[in-house]
Amino acid sequence: MTAAELFETFDSDGRPLGLVPRHEVHRRGLWHRASNVFLFDSRGALYLQRRAATKDVWPNAWDLSVGEHLQPGESFEQAAHRGLAEELSVYDIALTPLGDAVRGCVEIPEQHIRDCELQQSFRGVYDGDIVADPAEVAQVKQMTLDELAAAVTAHPDDFTPWLRSRLRAFGWM
């Protein structure tokens, strides 16, 4: 039997509550931390990943370059680098924070999920090969921000709520 993935949880004021299994965190709507990475090539096209069909939340939806929950004791930047390595085989690139960490919640009532995250977003530039982990990522493609904004406007449900939220927050759509 595989051990449950544990998240550090927090109250609404950011005080630590302790470690809680992932499924309980999402079922109970507990605050936890996540890193988001917007990975661009040097021409300005954004790498997007389509989530694997086996993902429990938003399978087959287009998402950020990388979205990663933090492991206990991990910093936002460490989680961003870990996610890049694990999901896309991208190593040792410079990441720049995009603003401060923000709070957000997304509810999926039919799955009994209330995903409440304190998120820090990062921007990176990369022109090498991408080797996606098929357990996490079904496909990777690149789009300019204008192309992405048009696609999200035309077919919003093809994209995760977190991606749509961050694109709006950064004024990219």
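A search of the whole predicted model returned one cavity of 30 Å³ or more. The volume of this largest cavity is about 30 Å³. Its lining consists of Phe7, Glu8, His32, Arg33, Leu70, Gln71 and Pro72. Two elements, β1 (6-10) and β3, each give two or more residues to that lining. By class, the lining of the largest cavity comprises three nonpolar, two polar and two charged residues. Phe7, Leu70 and Pro72 make up the nonpolar part, His32 and Gln71 the polar part, and Glu8 and Arg33 the charged part.

The largest pocket encloses about 490 Å³ of space. It is lined by 27 residues, of which Arg22, Arg51, Lys55, Gly67 and His69 are the closest to the pocket centre. Among these five, Arg22, Arg51 and Lys55 count as charged, while Gly67 and His69 count as polar. Across the lining of the largest pocket as a whole, 13 residues are charged, eight are polar and six are nonpolar.

Both helical and strand elements contribute to the largest pocket. At least two lining residues each come from the helices α1 (22-28) and α2 (76-88) and from the strands β3 (31-40), β4 (46-51), β6 (66-69) and β9 (113-125). The largest share, four residues, is supplied by β9. Of the residues closest to the pocket centre, Arg22 lies in α1, Arg51 in β4, and Gly67 and His69 in β6. Strand β3 takes part in both linings, giving two or more residues to that of the largest cavity and at least two to that of the largest pocket.

Conventions. Residues are numbered from 1 along each chain as its sequence is written. This is a predicted model: local features need pLDDT of at least 70, side-chain atom pairs count only at pLDDT 80 or more; totals for chains, interfaces and linings use all residues. Side-chain values use heavy atoms; hydrogens and water are left out. On a 1 Å grid over the protein atoms alone, a cavity is a set of points where a 1.4 Å probe fits but cannot get out, and a pocket is an open set with protein on both sides within 12 Å along at least five of seven lines; lining residues have an atom within 4 Å of a point. Grid points are joined across faces, edges and corners, and a volume is the space filled by probe spheres set on the points.
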